[in-house]
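Biologist: Please take one part of this model and look at it closely. Start from a single residue and work outwards from there, in plain terms.

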Amino acid sequence: MDEAILSFADIQADLNYKQAKDALRELVANLDLTPEERAGLDPEIEGLSTMLDKLERTVVQIAVFGMVGRGKSSILNALLGQNVFETGPIHGVTRTSQGVNWRVERSPLDGGEGNITQLTLSGIGQSQIELIDTPGIDEVDGQTREVLAQQVASRADLILFAVAGDMTQVEYEALSQLRDAGKPMLLIFNKIDQYPEADREAVYRKIRDDRVKELLSEDEIVMAAAAPLVAQATPRSDGTMAVQMKRGLPQVDDLKLKILEILDREGKSLVALNTLLYAGDVNEQLVERKMQIRDKSANRLIWNAVMTKAVAIALNPITAIDILSGAVIDVATILTLSKLYGIPMTQAGAINLLKKIALSMGGISASELLANLGLSSLKGLLGLAAPATGGASLVPYLSVAITQAGVAGFSSYAIGQVTKTYLANGASWGPDGPKAVVTRIIESLDETTIMGRIKDELQEKLLKVRERKKHKNSSELR
């Protein structure tokens with residue numbers, strides 16, 4: 001029965017791993033981003049490719065963090081059984097699949113801040129383990145440290161955090177940031193050889209019970225001596241004995257067991273989950289960026305439609321054409337917005353959506369109709385009276401035309417904003433329905449400000465139209 005359960009767990013882990021790999025492949029293959037949408041997100045997008053490569057090669061990443069002098073590199077060297085990671089300048093180290101050659105290269109952290117050290121080891125089958133050493137958290141400023149924690153920890157499958165005694169405030173803050181990554185973590189109390197037994201236990205209890213009680217459990221804290229100093233008697237030339245401190249054997253067996261326990265218990269499922277969490281975070285950023293850019297583009301499009309409609313209505317004195325031209329512009333706006341948001345829509349669909357919005361708008365659509373029927377008729381009479389009044393009726397004509405255009409433009413703006421919200425929600429009104437959505441959007445609009453902007457821009461456009469007409473007439477007279 002135990003074997004059957006273990007076998008089922010292995011099958012489930014393989015399925016989870018395959019699903020994560022398939023999902024990430026699909027995400028990478030279908031990014032379809034414009035240069036504007038990619039701007040500022042290149043590290044995250046590159047991270048997706050890195051994570052996919054990690055899945056393809058069955059890699060488990062273990063990252064170690066800590067302040068300078070806490071023995072991070074010594075811990076990794078002790079786990080490896082040889083001195084590979086160096087203290088001082090940070091180097092990148094990668095082991096070949098044969099495990100005999102080492103290639104040293106500098107690997108800049110995404111964004112150009114600091115460096116990380118990375119080592120790849122062959123594991124069981126085609127699997128690999130990557131050990132990642134990072135700069136001391138006190139070597140970089142707080143903002144860079146936060147970026148480092150986010151970028152490295154978000155991709156790692158297991159996080160090691162090294163201390164060498166009671167924790168400082170900087171260490172606690174860094175540990176808290178890493179804990180937010182939601183990854184398995186081990187806190188390593190290193191250099192225990194430098195403490196007497198009683199002091200060592202006292203420091204351990206202080207860390208466990210006071211410092212990290214809210215962040216880590218007792219099982220996530222382990223003591224180690226990665227590069228212990230051992231007193232050794234050495235004979236002098238005069239025959240007396242001197243005491244010298246020499247490196248002893250690393251005491252990291254408990255740490256190795258903890259790491260192996262985590263990898264054995266969670267293995268592929270851990271890698272799959274971490275990969276999907278990272279991909280999910282990046283995808284949310286990409287979606288948010290797309291929506292921000294689309295929102296700006298949609299607002300520009302809506303305003304252009306508003307002014308087109310306002311100018312058309314202001315210049316046209318015939319009521320029926322006012323209503324018809326306004327509806328045509330609104331339908332065209334809906335169709336253009338649907339293309340912007342990548343939602344296919346026919347002209348019939350756009351007309352039906354406009355009808356639904358107009359019905360839900362209630363008072364505003366009625367105001368527009370009243371303005372078109374009443375103001376358009378008045379505008380037409382004033383226009384016809386222009387020859388008889390020697391052009392005197394053109395002043396009130398323009399005033400009526402601008403008022404009518406302002407009402408129509410505001411209605412068009414509201415229709416555009418409702419349509420944008422509907423499309424941004426995946427062509428759905430959500431649980432509240434169209435009436436509630438339309439009401440909420442209209443209540444959020446500042447009618448006075450919008451209509452004032454419409455009138456100001458409209459007056460400028462009409463002035464330009466009049467100037468062009470005067471110039472044309474004077475040219476014809478010549």
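Modeller: Threonine 419 is in contact with Ile334, Leu337, Leu353 and Ile357, if its neighbours within four places in sequence are left aside. This is a predicted model, and each value below is computed from it. Threonine 419 has a relative accessible area of 0%, and a residue counts as buried under 20%, so threonine 419 is buried. The residue belongs to helix 12.

Helix 12 also takes part in an aromatic pair, and the pairs can be taken in turn. The whole structure holds 3 aromatic pairs. One of them joins phenylalanine 189 and tyrosine 195, with 5.7 Å centre to centre and 65 degrees between the planes, which is edge-to-face. Its two members differ in how they are covered: phenylalanine 189 is buried at a relative accessible area of 1%, whereas tyrosine 195 is partly exposed at 23%. Another pair is tryptophan 303 with tyrosine 413, whose ring centres are 5.9 Å apart. Their planes stand at 80 degrees, and an angle over 60 counts as edge-to-face, so this pair is edge-to-face. Tyrosine 413 is in helix 12 (residues 394-424) and tryptophan 303 is in helix 8 (residues 253-315), so the pair ties together parts that are 110 residues apart in sequence. Both tryptophan 303 and tyrosine 413 are buried. Tryptophan 303 has a further partner: the charged end of arginine 453 sits over its ring, 3.7 Å from the centre.

Helix 8 can be followed to another residue, isoleucine 293. Its relative accessibility is 12%, and therefore isoleucine 293 counts as buried. Not counting residues up to four places away in sequence, isoleucine 293 touches Glu36 and Glu37. The C-alpha atoms of isoleucine 293 and glutamate 36 are 7.9 Å apart in space, while the two residues are 257 apart in sequence. Contacts across the sequence can also be counted for the chain: among those between residues at least 6 apart, 73% join residues at least 24 apart.

Why do the buried residues of helix 7 lie on the same side? The length of the helix comes first. Helix 7 (residues 197-211) has 15 residues and should span 21 Å at 1.5 Å a residue; its end C-alpha atoms are 20 Å apart, which agrees. Its buried residues are Arg200, Val203, Tyr204 and Ile207. These cover an arc of only 100 degrees around the axis, which puts them on the same side of helix 7. An α-helix has 3.6 residues a turn, so residues three or four places apart point the same way. The cover over the buried residues of helix 7 includes strand 6 (158-163), strand 7 (185-189) and strand 8 (221-223).

Strands also pair with each other. Strand 9 (residues 229-235) and strand 10 (residues 241-247) run antiparallel and are joined by 7 bridges. In one example, alanine 233 has valine 243 in strand 10 as its bridge partner. The hairpin made by strand 9 and strand 10 has 5 residues between the strands, and in it glycine 239 takes a positive phi near 95 degrees.

To place these parts in the whole: the chain has 14 helices and 10 strands. Of its 478 residues, 43% are buried. Threonine 419, the starting point, is one of the buried residues.

Key:
Residues are numbered from 1 along each chain as its sequence is written. This is a predicted model: local features need pLDDT of at least 70, side-chain atom pairs count only at pLDDT 80 or more; totals for chains, interfaces and linings use all residues. Side-chain values use heavy atoms; hydrogens and water are left out. Helices (H or I, at least four residues) and strands (E, at least two) are DSSP runs, numbered from the N terminus. The expected span of a helix is 1.5 Å times one less than its number of residues. Buried means under 20% relative accessible area, exposed over 50%, partly exposed in between (1.4 Å probe, protein chains only). The arc is that of the directions from the helix axis to the C-beta atoms. Contact means heavy atoms within 4.5 Å. Two strands pair if DSSP finds at least two bridges between them. Rings of Phe, Tyr and Trp (its six-membered ring) pair if their centres lie within 6.5 Å; planes under 30 degrees apart count as stacked, over 60 as edge-to-face and the rest as tilted. A charge sits over a ring if NZ of Lys or CZ of Arg is within 6 Å of the ring centre and within 35 degrees of the ring normal.
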